[in-house]
Amino acid sequence: MPHPEFVGLVNSLQATAEAALGDLNAATASAARDGLLQEGRARQTAERSLKLLTMLAEKTRGNLDFAEADLLTGAVVSLRERLSASPQNNSQGN
């Protein structure tokens with residue numbers, strides 16, 4: 001059974017990235033309040049969340065149960081697809 005805090009971390013990072021990419025969900029209001037959806041910062045926010053999820057996947061490889069690994073892999077793949085399909089595919093920075 002996946003660790004609840006791990007699931008929460010992955011879901012939080014994915015929701016932040018999706019909010020920055022324009023998805024309307026519960027994270028959008030919080031991200032907007034924190035200034036993460038301002039033009040120019042939104043893609044950077046999404047890319048940073050993807051980098052954190054990718055790092056988490058690399059650092060935990062071999063130490064997750066199937067459900068945790070599947071959740072993390074799904075989040076990384078989904079965000080990579082969203083970012084590569086977004087119109088601003090020429091961003092810079094971290």
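Let me start with one residue, Leu-71, which, once we leave aside its neighbours within four places in sequence, is in contact with Val-7, Val-10 and Asn-11. I should say at once that what we are looking at is a predicted model, and I will try to keep my wording accordingly careful.

Leu-71 sits in helix H4, and with a relative accessible area of 26% it is partly exposed. One of its partners, Val-7, is 64 residues away from Leu-71 in sequence, yet the two C-alpha atoms are 7.7 Å apart in space. That pairing is a useful way into the fold as a whole, where, among contacts between residues at least 6 apart in sequence, 67% join residues at least 24 apart.

Stepping back, then, the protein has four helices and zero strands, so that read along the sequence it gives the pattern α-α-α-α. Of its 94 residues, 34% are buried, and the accessible surface comes to about 5900 Å², with carbon and sulfur atoms accounting for 54% of that area.

Which residues touch the most other members of the largest nonpolar core? That core has 15 residues, and the ones in question are Val-10, Leu-53 and Leu-72. The elements that give two or more residues to this core are helix H1, running from 4 to 20, helix H3, from 42 to 60, and helix H4, from 66 to 85. As a general remark, nonpolar side chains in soluble globular proteins tend to be buried together. Val-10 illustrates the arrangement here, since, leaving aside neighbours within four places in sequence, Val-10 is in contact with Leu-53, Leu-56, Leu-71, Leu-72 and Ala-75.

Let me now take the three helices in turn, beginning with H1. This helix has 17 residues and reaches 24 Å from its first C-alpha to its last, close to the 24 Å expected at 1.5 Å a residue. Its buried residues are Phe-6, Val-10, Leu-13, Gln-14, Ala-15, Ala-17, Glu-18, Ala-19 and Ala-20, and two of these deserve a closer look.

The first I would pick out is Phe-6, which is buried, at a relative accessible area of 11%. Not counting residues up to four places away in sequence, Phe-6 touches Leu-56, Leu-64, Glu-68 and Leu-72. From Phe-6 to Leu-72 the separation is 66 residues in sequence and 9.3 Å in space, C-alpha to C-alpha.

The other is Gln-14, and here one may ask whether a glutamine in helix H1 is buried or exposed. With a relative accessibility of 15%, Gln-14 falls under the 20% cut-off and therefore counts as buried. Outside its sequence neighbours up to four places away, Gln-14 touches Leu-53, Ala-75, Ser-78 and Leu-79. Beyond the end of H1 comes Gly-22, whose phi is positive, near 105 degrees.

Turning to H3, its 19 residues should span 27 Å at 1.5 Å a residue, and the end C-alpha atoms are indeed 27 Å apart, which agrees. The buried residues of H3 include Leu-50, Leu-53 and Leu-56, but also polar or charged ones, among them Arg-43, Thr-45, Glu-47 and Ser-49. It is against H1 and H4 that the buried residues of H3 pack. Just after this helix, Gly-62 takes a positive phi of about 85 degrees.

That brings us back to H4, where we began. At its N-terminal end the helix is capped by Asp-65, a side-chain oxygen of which lies 3.1 Å from the backbone nitrogen of Ala-67. H4 has 20 residues and reaches 28 Å from its first C-alpha to its last, close to the 28 Å expected at 1.5 Å a residue.

How are the buried residues of H4 placed when seen down its axis? The residues themselves are Glu-68, Leu-72, Ala-75, Val-76, Leu-79 and Leu-83. They fall within an arc of 95 degrees, so they line one face of the helix. What covers them includes H1 and H3, whereas on the other side of H4 the residues Phe-66, Glu-81 and Ala-85 are exposed.

To draw this together, the predicted model shows H1, H3 and H4 each giving two or more residues to the largest nonpolar core, with Val-10, Leu-53 and Leu-72 as the members that touch the most others.

How values were computed. Residues numbered from 1 in each chain as written. Predicted model: local features only at pLDDT ≥ 70, side-chain atom pairs only at ≥ 80, totals over all residues. Heavy atoms only, no water. Core = buried A, V, L, I, M, F, W, Y, C linked by side-chain atoms within 4.5 Å. Buried < 20%, exposed > 50% of the residue type's maximum accessible area, 1.4 Å probe, protein only. Contact = heavy atoms within 4.5 Å. Expected span 1.5 Å × (residues − 1). Arc of directions from axis to C-beta. Polar contact = N/O pair within 3.5 Å; in protein donor to acceptor, adjacent residues only side chain to side chain. Areas by Shrake-Rupley, 256 points an atom, 1.4 Å probe, with all protein chains shown as cover.
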